[in-house]
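Reader: I have a structure open in front of me and would like to go through it with you, beginning with a single residue and then widening the view.

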Amino acid sequence: MQKKINFKKIVLCLIYMMTILLTLLFLYKTKLYGYLYQLPSFNISFIIIITSFVVYILNKDIFKFVNKKNALLFLILAFLFLFMLPINELYTLFFRNGSILELLYYILYILLLVISIIICLIKVFAFKLSNQDSDFKKIIKIINVIFIIVLAIYLFSSTTGYYDEDFPTIWEQNINGISNIHTFAYTILIIVLKYIFNNPYFIIVVQVLLWLFALNYSLRILVRETKSKKVLIIFSIIQLLLLVGFKQTVFLWKDSLFSIALYIIVLSIIDCLSLKSIFKNHTIIFTIFGIIVSNFRAFGWLLILLFAMISLLVFYKNKYFSKIIVFCGTISVLSYFILNFICLSFFDGVKISKNTQYTVPIYQIGYFINNGYDFNNSEIAYFETLYPIEVWKNNFVLNDGDALARAWRIPNDYIDNFLTFKYPKTLLINMRLFLSKPIVYLKSLTGLSNVLWRISDDNYKVNFNRLDSSNKFKGNEFFATYLVPFIGKDGSNFSFKENYLFTKVINKIENILFYNSLLFNIKSRGGFALYILIISAILFIYKREEKYVLAIVPLLLWLGMLFISIPRSLTRYIIIFIISFPIIFLLALCKDNRINLEGKLKEKKKV
């Protein structure tokens, strides 16, 4: 019987092959590659094209997986990825002279990229795991030795830990009355360590141990769920290449403790869903790390509360699950309010200032002022009760909310205005701005929070400008740390202390793993991690494992909360997304394979 010719497949293949040839010809003719490879947008997109081409060559029938049901899904996901890329960089280069021919090449390149993303997505959705292994003790020991060596290098690289400009304000608060700007819990922890050791190094050790525990918890879950040594090795390689999880452990940020604690909660959720039960150790983990999440980041308590409410809706039929959720959630949230009450009532605690709370609304107004929006006279008069319009314009910094809302960023003459300014009215003005110019408003808001969803933008240049003459990163500036000594108001002296031997090793590792713009953006931007998490959620639903989407819910809740409150785009806000996506994605890829394997084993036993 003669085979029917699949014209759709032939057309897709021809478009794919022609676009690759035309693009390569264009790059060769114009000698543009020397400029393009430096752009993250091109770097990432070209690797996707090469990957998809290899997949296509190895499996020319790959398009047969596409049907009406998933074609639209793949197309939407492809354009979502394009949206996360700074394609305007490519557009500027391709269309720099206004040539119609170059615009055509740009369109062909985008078409090629869309098809390439679809091919990669097809491969992901058709992924099958084979060669199920057993006896994991040896491989886990080897992986742990590697993890411990890397952590030890970071741990011993400094006897003080790494810090930024925020740390001095926490270190000296014990003489000024503790403030809630960095949360009372984290401030108290630092003050206690200062009183006992006069050095915060102990918190670094705790963070290292917690991260090692989280990694081992991840390995244990992967062993049970995938039964594959390959998956364990892949997970370990990804975490080592990312390096963010290891690097964050030696930084004196509340974000480090918060991210590790939230990651452990996510792992516990996966564990409970897999085991279909909550055991005593899960209750302990939920409670302890729920308290850390609630108290070590602004609005962490709201994250726990919202997740507990969603979990109750999911497990409303299971009374035991519901009771545990209510117990852990209540303890975690109450701990926040009890600690705040004690600090404010008995220890002269200082509430977070209004100007800090209203950073985003103030920034949005500043954005509209600098873009010539026509405010009425009463609104202008209201703005000038904070500072003159000229200060609004001169101090405004794109994608940096702190520039208009922090005392150390504005002229001293206007600092007292922070105490008398009527902040609630900014919310009403923001509402009016959103209703009158929704696209402009959202463009500004997404620009301010671009680190959450963008794969790359102009921010990468800030870090690349800090390269030395040999094009290597200087020191530890990837995380924009300030390793300078300072003297507190109480006369205490604190300065960064390093171990040169270990920092030299770290610098060499990071110069290899961070310099490449592709790896740099995967590590420092939220777009890649967010995209993978979205793919993972869809995979779980596609494979009828919807319950595992619950493990992604806390991350999406935190993403939404940051989106409306993040003051500026810093990597430390998105650490949790970068360290979480490897295990979630691997589980989404492999989950149904375990079910299929168990089914086959049962059939064999019956025979």
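Reader: Is Asn 430 buried or exposed?

Author: Please keep in mind that this is a predicted model. Asn 430 lies in helix H23, which covers residues 424-436. Its relative accessible area is 5%, and since the cut-off for burial is under 20%, Asn 430 is buried.

Reader: Which residues does Asn 430 touch, leaving aside those up to four places away in sequence?

Author: Asn 430 belongs to helix H23, and residues up to four places away from it in sequence are not counted here. With that restriction, the residues touched by Asn 430 are Pro 361, Gln 364, Ile 365 and Tyr 441.

Reader: How is Leu 334 classed by its relative accessibility?

Author: Leu 334 sits in helix H16, made up of residues 319-346. The class called partly exposed lies between the limits of under 20% for buried and over 50% for exposed. Because its relative accessibility is 43%, Leu 334 counts as partly exposed.

Reader: Which residues make a nonpolar surface patch with Leu 334, and what is the area of this patch?

Author: Leu 334 is joined in this patch by Ile 338, Phe 341, Ile 342, Phe 346 and Phe 347. Together these residues make a nonpolar surface patch of about 630 Å².

Reader: For the protein chain as a whole, what percentage of residues count as buried?

Author: The protein chain has 31 helices and 2 strands, and its accessible surface comes to about 29,400 Å², with 67% of that belonging to carbon and sulfur atoms. Of its 607 residues, the share that counts as buried is 54%.

Methods
Residues are numbered from 1 along each chain as its sequence is written. This is a predicted model: local features need pLDDT of at least 70, side-chain atom pairs count only at pLDDT 80 or more; totals for chains, interfaces and linings use all residues. Side-chain values use heavy atoms; hydrogens and water are left out. Patches are made of residues with over 30% relative accessible area and no salt bridge: like charges are joined within 9 Å, nonpolar side chains (Val, Leu, Ile, Met, Phe, Trp, Tyr) within 5 Å. Accessible areas come from the Shrake-Rupley method with a 1.4 Å probe; for residues, only the protein chains shown count as cover. A salt bridge is a side-chain nitrogen of Lys or Arg within 4 Å of a carboxyl oxygen of Asp or Glu. Helices (H or I, at least four residues) and strands (E, at least two) are DSSP runs, numbered from the N terminus. Buried means under 20% relative accessible area, exposed over 50%, partly exposed in between (1.4 Å probe, protein chains only). Contact means heavy atoms within 4.5 Å.
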